[in-house]
Amino acid sequence: MSTTYFDWAATTPMSSEAIKTYNDTVKHYSANPSAIYESGKKVATFLGSLREQVAEALKITSQQLIFTSGATESNALVLSSLLWKQRKGNVIFSSLEHPSVSQWAQLLTHSGFEVRTIAAKDGYVNPQRLKAMLDDQTQLVSILLVSNLLGTVQPLGQIAQVIRAFEKQSGKKIILHTDAVQALGKLPFDLNELDVDCASFSAHKFQGPRGVGLLYHKGTFIKPLSSSGGQEQGLRGGTENSGGIAASATALLSSLTDLEKNIQQVTLLRQRLEKHLAQEPSLTLFSPSIEAGKPIVPHILSLGVNGIPSEVSTRVLNDAGFAVSSGSACSAHQAAQRQKPLISTGLKAQQASTAIRISFGHLTTEAQIDALAHTLLHHTATIQASLGRR
Amino acid sequence: MEYHLYLVKLGEISLKGLNRDFFEKRLKQNIKAKLRPYHSQFTSQKGRLFIRVDPLAPFELVQKAITTSFGVVGVARALVCAKEMNQIIETALTLSTQGRFAQGCRTFKVESVRSDKSFPLTSYQISSTLGHHILEAQPHLKVDVKKPDCTLYVEIRDKAYLYASFENGPGGLPVGTAGRALTLLSGGIDSPVAAYMMAKRGLRQEAVYFHAYPYTSDEAKEKVKKLATILSPYLGGVHLHIIPFTNAQLHLKANGAPEEQTLLMRAAMMSLSCQLALERRCAALVTGEALSQVASQTLESLAFTNSVSNLLVFRPLVGMDKQEIVHISRTIGTYETSILPYDDCCTIFSPKHPLVRPNSEKLHDSYQKLAIEPLLQEALENRETVKL
């Protein structure tokens, strides 16, 4: 049985254009770009033009762009740079951060930093609450742009304003980092307007290949995790993944070109899905409804199936041919960790343990949405009945 | 073809009287089955089993086959020669260049025993003669009779048997000498240890696992299969019966009082296990329960679940604390699998406040009202059985 894919927030199918670019590049640009012979120089020139294209698409300079292996590495580059600082101070993470950010709390704490967490009531970080947490020891604030669990878009522009105002007052620089993996190619935004110091992206979230990430950075605070041949301005050693970078550029340009059209299409799918789900009283939306007018991306929808652990719902849907994400685990000891971000939004632990995440893309069809909703409604009703709840 | 000789020390079996043959015969069968397809021949003398094995059989396989067989106290690869001192010395010199002697050994001793009292040298004389020759041949070695790095053993029987690398066995009685039982195997730490403990007393076992998909994952089922696979050499092979328990579990959830859920579920499992045991000619059940470890294992709770069974129920861990159980689990190699994070019971079926001191009469009443037997019968009929 083939599976219909509803886990676009985890990874997206690589586009055929990106696959073609990848194949062409590894075939025609096979030399090491650091080599001084002709074929090497050709690859270096090609990479330079790709860097220009990507930077231009993001409205940044090519010097502000580092190609990495993914957002996990981009996040690590930013957060590990703090370890070099003489003055330790504190860092602030939002409670919604992906583990590739939040798990740095352990090492940062061990290294003398105080790690503060700002809760995201109803899925949003409150800039005024953040303001109250800043002090002259704050070194870095990391807030993701779009929650991978809920799809909520954080008020990053306002957060930046609060931070810049505080900087003026204290006279000390605060680095503002955003993990924007769920935003690029899904949401129009301008890095300059957001006024962040650094931002992480991953190509496989916008139909590019796995193993390629981007890091936007301003200033000189980034220190390399791996130093080797001086690639990426000396900030990320290792032979460049030419094929992956070229395929990523293709996927990015395509997703940005079609952005408005795709958003409109996915918004319609979201509305359709929500309409179906509203028929079942034991389903509760954890993400804001598309109709509520709150800032969200339409392609990510978290919901709870009343009293049914998310793993169980995920298995049932998987057996029926739908791949959705389980936000937590049936096992109590695992659940506590994995449910933390959802609980921070105000959900009770019991509710959070029932969360499943449905995420889709512009290739998803109305028929697939209908089929998923039909199956979810049917199984929810069956399970509730078999448990004697109706 | 010169067979490799293994000398096996027997423990409790050698204390048996007239029925010792029965135990030895079973042990031979158990080891022979594990050594297949390699050919093996068995002879026994008082307190010893001599196994001659096809030299093509890998040493590790033979070692594992013997050291996982209950009834074995220890095993060593041995060399055999005629009961003449010249040959014994030559064999001892050969052994002193092999195995542990060749792995950084600095001190040694020789231990000799004579079953054949007509041998002209006493045990002490044999040991000192061999020690002298080994010291001459290997001047870097020293004798240490209290804490030697290596010991060379000599047994003068019908022939002279010499060995140096001795591995401990698990002791106990050969599996199959104490009848058959059905073990309730979960994915946890305790029940595999219980199975091991009862196998040690010679019990042959089949195992039953209750699978409530999708409320428990297929990974949990695979975990139990893996545990049964790890136990299999000790159990002399095992049939694992996987019971599709979802409908029964849902029926319990829908019709039972929340605080009674766990005990009613365990009662249902005991009831089904009794039926399965009878069908599979098993005369007892085995569980991994330890007194007061959890709410369902208090005296009152155990008394209730016990009363559902019409078969003898063995609970070999009943008086052990968790650390002791974990220690055995690590020793037999099940611990790392047992702690994999795939629970055998979904949180949905675990009440927040389970009964700790249940009223047996009231619970029996609740159990009867459930009328769950047809569902258990259906589950039993739809079981999947794997031989591991």
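Two residues are in contact if their C-beta atoms, placed from the backbone, lie within 7 Å. By that test, the contact between the chains in this predicted model takes 13 residues from chain A and twelve from chain B. Seven residues on the chain B side are nonpolar, three are polar and two are charged. The points below cover chain B as a whole, the core, the domains of chain A and three helices.

**Chain B overall**
- Chain B holds 13 helices and 14 strands.
- Its C-alpha atoms fill a box of roughly 80 × 35 × 35 Å along the principal axes.
- Of the 388 residues in chain B, 44% are buried.
- Take the contacts in chain B between residues at least 6 apart in sequence: 82% of them join residues at least 24 apart.

**The largest nonpolar core**
- The largest nonpolar core has 209 residues.
- Leu152(B), Val154(B), Leu162(B), Ala195(B) and Ala268(B) have the most contacts inside this core.
- Helix α8 of chain B, residues 261–279, supplies the largest share, ten residues.
- Leu162(B) touches a set of residues beyond its neighbours within four places in sequence. Among them are Ala78(B), Leu79(B), Thr91(B), Ala92(B) and Leu95(B).
- Leu162(B) is also in contact with Leu152(B), Tyr153(B) and Val154(B).

**Domains of chain A**
- The domain assignment splits chain A into domain 1 (16–256) and domain 2 (258–386).
- The centres of domain 1 and domain 2 of chain A, taken over C-alpha atoms, are 28 Å apart.
- Contacts between the two domains of chain A involve 21 residues of domain 1 and 19 residues of domain 2.
- The domain 1 side of chain A that touches domain 2 has ten nonpolar, eight polar and three charged residues.

**Helix α7 of chain A**
- Helix α7(A) covers residues 156–170. At 1.5 Å a residue, its 15 residues should span 21 Å, and the end C-alpha atoms are 21 Å apart, which agrees.
- Leu156(A), Ile159(A), Ala160(A), Val162(A) and Ile163(A) are buried in α7(A). They lie on the same side of α7(A) because they cover an arc of only 160° around the axis.
- Ala165(A), Lys168(A) and Gln169(A) are exposed on the other side of α7(A).
- The buried residues of α7(A) pack against four elements of chain A: α6 (127–133), β5 (138–142), β6 (175–179) and α8 (191–194).
- Gly171(A) comes just after α7(A) and takes a positive phi of about 75°.

**Helix α9 of chain B**
- In α9(B), residues 299–308, the buried residues are Ser301(B), Leu302(B), Phe304(B), Thr305(B) and Val308(B). These buried residues fall within an arc of 160° seen down the axis, so they line one face of α9(B).
- Leu299(B) and Ala303(B) are exposed, on the face of α9(B) turned away from the buried side.
- The cover over the buried residues of α9(B) includes α8 and α12 (360–370) of chain B.

**Helix α13 of chain B**
- Leu375(B), Leu376(B) and Ala379(B) are buried in α13(B), residues 373–381. Their arc around the axis is only 100°, which puts them on the same side of α13(B).
- Pro374(B), Glu378(B) and Glu381(B) are exposed on the face of α13(B) turned away from its buried side.
- The buried residues of α13(B) pack against β11 (239–244), α7 (246–255) and α8 of chain B.

Key. Residues numbered from 1 in each chain as written. Chains lettered and ligands numbered in written order. Predicted model: local features only at pLDDT ≥ 70, side-chain atom pairs only at ≥ 80, totals over all residues. Nonpolar A, V, L, I, M, F, W, Y, C, P; charged D, E, K, R; others polar. Core = buried A, V, L, I, M, F, W, Y, C linked by C-beta atoms within 7 Å. Buried ≥ 20, exposed ≤ 12 C-beta atoms within 10 Å, placed from the backbone. Helix = DSSP H or I, 4+ residues; strand = E, 2+ residues; numbered from the N terminus. Expected span 1.5 Å × (residues − 1). Arc of directions from axis to C-beta. Domains from an automatic or database assignment.
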